[in-house]
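Visitor: Could we take a close look at one single part of this structure, and then at what lies around it? I am new to this, and I would like to go step by step.

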Amino acid sequence: MVQVGIISIQLLSLIPFPGGLLPDLVMLLIGAACAFLLAYLLTFAVKAFCYKVGWLDRPASRRVHIRAVPRLGGIAKFLAFVIASLLFYTPGSGNEIVIYWLLVAAAALMVLVHLYDDVLGLKPLPKLLAQTVAVIIILGPGGGVFHGILLFTFNNPIGREMMQPGLPWYLQPTLFLFIHPPSPDIQPSISLAAIPAVLLTWFWTAGMMNTVNLLDGLDGLAAGVVAIAGFFITIISFMLQQQSIAVLCAIFTGAVLGFLPHNWNPAKIFMGDTGSMFLGLSLAVLSVMGGAKLALAFMVLGVPILDVAVVMINRIRRGQSPLHYDKTHLHHRLLATGLRVKQICYVIYGLSFIYGLLALTLSGIHNAHFYKFVGVGLVGLTMATLIIWIDYRQRQRGVRIHLGGPEPAPVSENGGVDGPQASSDVQPDISSEGQVRAGDPNLPPQNLHDGKTSAARFPR
């Protein structure tokens, strides 16, 4: 790990970034703008390449979009993030430089594995194994200690403000998960006591990757929500005087926003699993770097996270695998109420932004940890209210659309099985029978790509 740090510092020192010449805020804005521009331009290149080789996500009965669309937009975001961070990110003190390179390595693994998945398809188990390897990478085990990200401390919402000897453990301001390094500058050791922390880190990181992946069901939905989360993590990092982390978060946010114009409804390109896994992994790591941002990430993404949990619990209750494909996610339910894609994006964007503002406001008040805990509870209340409202709206429309039943997998042109769509194109008007209204002049033409039919398929 020491060699990794030395090599990374040498690589960064070869690039003439003006980190010491510009104020921190200016550097943050320039880095974000550069990442935005790179992602925006690189997406054109990725889109053209996909059309050239025929790597397109074609319409199928389990997809919403009705035209062939490229699905490798995540590559553009990853490249924009890496290039802009090499130019404008100046690592802070401690092991931050090591965490950065571990993140880049793990993200590169995710992009490569899911590039293969987006083109040829992978079963769930290999993808889960790849996610586990990525988590091991960001843990950074080596030399008997963890050099990367490890979740083993938590702010106690009912704890006292200051550490005091003699206080019972449940009143201490910080709770430790079985391991307690003697000082913050000493990395936690690799031991049996670290197993719960390792499992929690895996659960947080893999859970975030899969949450973003499942959120990517409508044009612009996942990219917009992740950009909002990145925006607030950037602000709170800057408020905590963590300028280097703030710049890195701003670059990440800029890369996501640069892709969004291409992905906005009607989408001209999808991010694919390459993009959703990169976004989820990066968001999980950035929310842990420097601390004090885990509750913020959970509040901004709380509704999608709870949606995934509710859907998987219901699948298990029905005797199905938690990975079973159906249309029971929140955005599917909102579609069933008659809302259009852009309206659904605005609703979920609005909720994410409101809770981001709430988390930001709570960060500056007395006993902030307790109020953030209350804020997380409000997210759960919001989710319950949404479910009740969706049920009410469906009753008002006179249509009870069955969501959650098993859905047979259609056979694609090449004999393979098509998975659910990664995103939607234009949400058409839906009649009471749930069918697309024929003759709608607002619908795009069925075929916008005149190239030869590709054998590539895009399972989910």
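Guide: One word first: a residue is called buried when its relative accessible area is under 20%, exposed when it is over 50%, and partly exposed in between. Please also keep in mind that this is a predicted model.

Let's start with R71. Its side chain meets that of D118 in a salt bridge, at 3.9 Å from N to O. R71 sits in the loop between strand 2 (69-70) and helix 3 (74-88), while D118 belongs to helix 4, so this pair ties together parts that are 47 residues apart in sequence. Where do R71 and D118 lie, buried or exposed? Both of them are buried.

R71 has another partner. The side chains of R71 and D273 also meet in a salt bridge, with 3.7 Å from N to O. This pair links distant parts of the chain, since D273 lies in helix 9 and is 202 residues apart from R71. D273 is buried, just as R71 is.

From D273 we can step on to K127. Their side chains form a salt bridge at 3.8 Å, N to O. K127 is in helix 5 and D273 in helix 9, so parts 146 residues apart in sequence are tied together here. Again, both D273 and K127 are buried. Put these steps together and you have a network of salt bridges that links R71, D117, D118, K127 and D273. The count of salt bridges comes to four.

K127 brings us to helix 5, which covers residues 124-139. This helix has 16 residues and reaches 23 Å from its first C-alpha to its last, close to the 22 Å expected at 1.5 Å a residue. Which residues of helix 5 are buried? They are K127, A130, Q131, A134, V135, I138 and L139. Here is a rule to hold against that list: an α-helix has 3.6 residues a turn, so residues three or four places apart point the same way. The buried residues of helix 5 pack against helix 4 (96-119), strand 3 (141-142), strand 4 (145-146), helix 6 (195-215) and helix 9 (272-286). After helix 5 comes G140, with a positive phi near 65°.

Now for the nonpolar surroundings. The largest nonpolar core has 102 residues, and F81, F252, L281 and M289 touch the most other members. Helix 4, where we met D118, gives the largest share of this core, 14 residues. Apart from that core lies another one of eight residues, and among them are V135, F146, L150 and F152. V135 is also one of the buried residues of helix 5.

Just before helix 9, there is a turn of the chain worth finding on your screen. N265 and P266 are joined by a cis peptide bond, with omega at about 0°. P266 has its place in the loop between helix 8 (243-263) and helix 9, and helix 9 is the helix that holds D273.

For a contrast, look at the surface. F36, L37, L41, F44 and L257 form a nonpolar patch there, with about 440 Å² of accessible area together. Four residues of this patch, its largest share, come from helix 2 (residues 24-53). F44 is in helix 2, and this residue is partly exposed because its relative accessible area is 37%. R71 and D118, where we began, are both buried.

Notes: Residues are numbered from 1 along each chain as its sequence is written. This is a predicted model: local features need pLDDT of at least 70, side-chain atom pairs count only at pLDDT 80 or more; totals for chains, interfaces and linings use all residues. Side-chain values use heavy atoms; hydrogens and water are left out. Patches are made of residues with over 30% relative accessible area and no salt bridge: like charges are joined within 9 Å, nonpolar side chains (Val, Leu, Ile, Met, Phe, Trp, Tyr) within 5 Å. Accessible areas come from the Shrake-Rupley method with a 1.4 Å probe; for residues, only the protein chains shown count as cover. Helices (H or I, at least four residues) and strands (E, at least two) are DSSP runs, numbered from the N terminus. Buried means under 20% relative accessible area, exposed over 50%, partly exposed in between (1.4 Å probe, protein chains only). The expected span of a helix is 1.5 Å times one less than its number of residues. Contact means heavy atoms within 4.5 Å. A nonpolar core is a set of buried Ala, Val, Leu, Ile, Met, Phe, Trp, Tyr and Cys residues joined through side-chain atoms within 4.5 Å.
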